[in-house]
Every structure is written in C-alpha cells, then in structure tokens.
Amino acid sequence: MLWITLAQMRWRQVTTQERPWRMKRCSSRSTSRGRKGSSETGLKLGTVPQEALRRTLFPLGELTKDFVKKIAAENRLHHVLQKKESMGICFIGKRNFENFILEYLQPRPGRFISIEDNKVLGTHKGWFLYTLGQRANIGGLREPWYVVEKDGAKGDVLVAPRTDHPALYRDLLRTGRVHWIAEEPPAALVRDKMMECHFRFRHQMALVPCVLTLNQDGTVWVTAVKAVRALAPGQFAVFYKGDECLGSGKILRLGPSAYTLQKGQRTSSVATEGSSDSPGLGPAS
C-alpha cells in the first residue's frame, strides 16, 4: 500500500521522455557516493541493459529508506516499520545455510589447512559451503580462523588466524567482459586504456578508489588504491564515476594476496643476501 501510494505521488513528478539512464537522476540515493543509505540498487542495476533502463521509471528513486519509513509511520503502516531487514539469503527463511545447501549438493569432505604452516586443523563437509572472508567454525579450536582460499580440486579450505590477516587482502582482480550501462565502454577508457573510478563488490561496503585497465576482449583489470578484504571470484565488481553507476563485471581472477607478496619479498631478500654473500664464503684463493 505504501509503495503504491508513493509510486503514484512520484509518478506525477517524472516525465516519460526517453533519455539515457543515470543513477543520480533516476535511481536511489543509496547508489551515489557520499549519500546515506545502502548500495543494493547499484549492485542489482549494474547488469541491466540501457534499452530497458531508458524506458524505466523509478518512482521512489530519490527517497532513502529512512525517509520511506518516516512516511510509513505518518500513515500508520506499522507492519512496514516492524519488518526486519533481510541480511542473508531471504528465500530460504530461518534455516541453517549448511543444511539447506546439503539438501541439493552431495557432501564433499575436505580439510581445513592453515595457510601459514600447512597444518591440518580439522575437516569440513564441502568447500562450497564457505565464502572467502567468513569465519570457519573448526571443531576443537577456540580461537577464530577465517577462510582465505579454497581448492575445489583437492577439497581443501585454507584458513588464517585473524580477521585482518594479510592473506585476506588483495588489490588486483580481473573481471569478465564488462556490461557498461550508458556507453560501451566509456570514451575516456577507450582513449587512454586506463581510467580512475570507484568500485564495490558487496552490499553496503564503502566505495573503493581504483584504476581500470581495459583489455582487448572487453575485460578489465581492476587495481585498487588500497588492498581490499575478502575479494572472491563469482562476485560482481560494480563501477562508479562520481554519482553515476558505469556498469559491472563478474570477478574471474584475483591477484596475489598481501600475505603471498610479503612471503615473496622475504624469499627474494634471503636469496639476494645469500647470493651477495656467497663469493666471500670459503677460503681465499
């Protein structure tokens, strides 16, 4: 009822003139940088084609969730106010996620392995039950461990002992072919092959400054200015320029983690020191 009423109010304010869609004009404030609200709209609309968007109206597009709830209170629509937020997979209801998934997929037992020393810490029922960055409940261990990598071939889930462990952080990813909303791709990216913008890959996360590098096949490399926690293949990176949502691409590959780079630097340092010292080893001729 509330949504119908608000839609009717907003419909009168929006013309049906066909025009290229821009997030700051037609969609929710929650998709724009620096505005209050959530980022869910941008994540969902980042894959919708321009042909559909140019004929789409967003009657509630300029209203934040808090403002809508205020209108609901003024109209005594208490069931709207009392409705809880949906934070998980809303269509499965109040059920255990692991049990739900295992109703459709056969268990594939594997091991939890420490990324630091390759020690086996426990077992699990399937690597597909875990998301990078989530806490892994390992039987018999009190301290928290977090998923940093998954090996689908071996069935192993690699874990790290802290929520801020460097194995969880990466600053490079590659997407599949990007779906650009307004133009394909942006003129600045075509001209310079690189472009500064922002991106996000998760609902309600802050926008991350980055540089896009365009590949010939339409995919892009995304280099974050600062390493980001829990990037994962299969998620969608959604790109923004100012208040405008540019489009999105599915994450296919990840660059090395900060932990891998640190280990590489230590190994390189040891090798360099060893090679520089080696001529001085042994008796002089």
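**Cores and positive phi angles in a predicted model**

Me: Is Ala230 buried or exposed in this predicted model?
Reply: Relative accessibility settles it. Buried means under 20%. Ala230 has 7% relative accessibility, so Ala230 counts as buried.

Me: Where is Ala230 found, and what is its phi?
Reply: Ala230 lies in the loop between S10 and S11. Ala230 is not a glycine, yet its phi is positive, with a value near 60°.

Me: Which other residue that is not a glycine has a positive phi, and is that residue buried or exposed?
Reply: Asn118 has a positive phi of about 60° and is not a glycine. Asn118 is found in the loop between strand S1 (110-114) and strand S2 (120-124). Exposed means over 50%. Asn118 has 61% relative accessibility, so Asn118 counts as exposed.

Me: How many residues are in the largest nonpolar core, and which elements give two or more residues to this core?
Reply: The largest nonpolar core has 22 residues. Those with the most contacts inside it are Trp180, Phe199, Leu212, Val222, Val228 and Phe239. The elements that give this core two or more residues are strands S8 (194-200), S9 (208-214), S10 (220-229), S11 (236-241) and S12 (244-254).

Me: Which residues is Val228 in contact with, leaving aside its neighbours within four places in sequence?
Reply: Val228 is among the residues with the most contacts inside the largest core. With neighbours within four places in sequence left aside, Val228 is in contact with Leu168, Tyr169, Arg170, Phe199, Phe201, Met205 and Val208.

Me: How many residues does the second core have?
Reply: This core is separate. Phe112, Leu121, Leu129 and Ala136 are among its members. The second core has 15 residues.

Technical notes:
Residues numbered from 1 in each chain as written. Predicted model: local features only at pLDDT ≥ 70, side-chain atom pairs only at ≥ 80, totals over all residues. Heavy atoms only, no water. Core = buried A, V, L, I, M, F, W, Y, C linked by side-chain atoms within 4.5 Å. Buried < 20%, exposed > 50% of the residue type's maximum accessible area, 1.4 Å probe, protein only. Helix = DSSP H or I, 4+ residues; strand = E, 2+ residues; numbered from the N terminus. Contact = heavy atoms within 4.5 Å.
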